[in-house]
Amino acid sequence: MRIVRFLLVLLFLSVTAVADEPEKKVFTAVTGPDGIQKVSIIGGEYYFDPNYIVVKVNVPVELSVKKEGGIVPHDIGMKAPEAGMVFHETLESKPKVIRFTPTKTGTYPFSCSKKLLFFRSHEARGMKGTIEVIE
């Protein structure tokens with residue numbers, strides 16, 4: 001009986017150790033008449049939609065971020081000071097606006113930093129994305 005329990009625990013830990021790769025949901029921002037690229041992002045149970053965002057360099061961006069229903073807390077954060085993109089916001093049901101101007105082309109990851117006890121982090125469960133900055 002102890003061997004069965006041990007094997008079940010081992011199986012559980014090996015399954016939870018594998019990172020989930022989310023389906024790629026691409027959104028290419030368009031500059032509005034006000035000169036701002038606007039993007040809406042919804043965060044939910046271990047996903048961001050969209051999770052791959054394309055914006056232009058040196059053009060202001062406004063991310064409107066909000067949380068889909070549920071009780072699990074989520075956030076969104078990015079640390080790319082070399083490209084003018086540093087933010088961290090708690091997601092709520094009411095949208096929040098994050099403003100920045102990307103200053104360098106490239107691809108930059110964002111993710112949810114939440115983690116519950118000994119479970120995998122939200123990022124490891126697939127709650128991550130990329131902002132691609134193009135010319």
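Buried means under 20% relative accessible area, exposed means over 50%, and partly exposed is in between. Keep those cut-offs at hand for this predicted model.

**Stop 1: Phe119 and its patch**

Select Phe119. It sits in the loop between β9 (106–111) and β10 (128–134). Its relative accessibility is 35%, so Phe119 counts as partly exposed. Now add Leu116, Leu117 and Phe118. Together with Phe119 they make a nonpolar surface patch of about 470 Å².

**Stop 2: the whole chain**

Zoom out and colour by secondary structure. The protein chain has 1 helix and 10 strands. The order from the N terminus is α-β-β-β-β-β-β-β-β-β-β. Of the 135 residues, 36% count as buried. Show the surface next. The accessible area comes to about 8,300 Å², and 61% of that belongs to carbon and sulfur atoms. Then consider the contacts with a separation of 6 or more: residues 24 or more positions apart account for 68% of them.

**Stop 3: the core**

Hide the surface. Select Leu63, Ile76, Met85 and Ile131. In the largest nonpolar core, which has 25 residues, these four touch the most other members. Elements giving two or more residues to this core are β2 (37–44), β4, β5, β6 (75–80), β7 (85–90), β8 (96–100), β9 and β10.

Centre on Met85. Which residues does Met85 contact, leaving aside neighbours within four places in sequence? They are Met78, Lys79, Ala80, Phe100, Pro102, Tyr108, Ile131 and Val133.

**Stop 4: Cys112**

Return to the loop between β9 and β10, this time for Cys112. Is Cys112 buried or exposed? Its relative accessibility is 1%, so Cys112 counts as buried. Beyond neighbours within four places in sequence, Cys112 is in contact with Phe48, His74, Asp75, His122, Glu123 and Met127. Draw a distance to Gly43 as well. The two C-alpha atoms are separated by 8.8 Å, while the residues are 69 apart along the chain.

**Stop 5: backbone exceptions**

Switch to a backbone view. Most residues other than glycine have a negative phi, and most peptide bonds are trans. The next three selections go against that.

- Asp49 to Pro50: this peptide bond is cis, with omega near 0°.
- Tyr46: phi is near 70°, a positive value in a residue other than glycine. Tyr46 is in the loop between β2 and β3.
- Asn58: phi is positive, about 60°, and the residue is not a glycine. Asn58 is in the loop between β4 and β5. With a relative accessible area of 53%, Asn58 is exposed.

Stay with Pro50 for a moment. It lies in the loop between β3 (47–49) and β4 (52–56). At 9% relative accessibility, it falls under the 20% cut-off and therefore counts as buried. Setting aside neighbours within four places in sequence, Pro50 is in contact with Lys25, Val26, Phe27, Ser40, Ile41 and Phe110. Thr130 is 80 residues away along the chain, yet its C-alpha atom is separated from that of Pro50 by 9.3 Å.

**Stop 6: salt bridges**

Show charged side chains. Side chains of opposite charge can pair when their charged atoms come close. This structure holds 4 salt bridges.

Begin with Arg99 and Glu62. Their closest N and O atoms are 3.2 Å apart. The pair links distant parts of the chain: Arg99 is in strand β8, Glu62 is in strand β5, and their positions lie 37 residues apart in the numbering. The two ends differ in cover. Arg99 is exposed, with a relative accessible area of 59%, whereas Glu62 counts as buried at 17%. Glu62 also touches Ile36, Gln37, Lys38, Val39, Val97 and Ile98, among residues more than four places away in sequence.

Move to Asp34 and Lys38. Their salt bridge has its closest N and O atoms 3.1 Å apart. Asp34 is partly exposed at 44%, and Lys38 is partly exposed at 45%.

Finish at Lys96 and Glu92. Their side chains meet in a salt bridge of 3.6 Å, N to O. Add Glu89 to the selection. Salt bridges that share partners join Glu89, Glu92 and Lys96 into one network. Lys96 counts as partly exposed at 22% relative accessibility, and Glu92 is partly exposed at 40%.

How values were computed: Residues numbered from 1 in each chain as written. Heavy atoms only, no water. Patch = residues over 30% accessible without salt bridge, like charges linked within 9 Å, V, L, I, M, F, W, Y side chains within 5 Å. Areas by Shrake-Rupley, 256 points an atom, 1.4 Å probe, with all protein chains shown as cover. Helix = DSSP H or I, 4+ residues; strand = E, 2+ residues; numbered from the N terminus. Buried < 20%, exposed > 50% of the residue type's maximum accessible area, 1.4 Å probe, protein only. Contact = heavy atoms within 4.5 Å. Core = buried A, V, L, I, M, F, W, Y, C linked by side-chain atoms within 4.5 Å.
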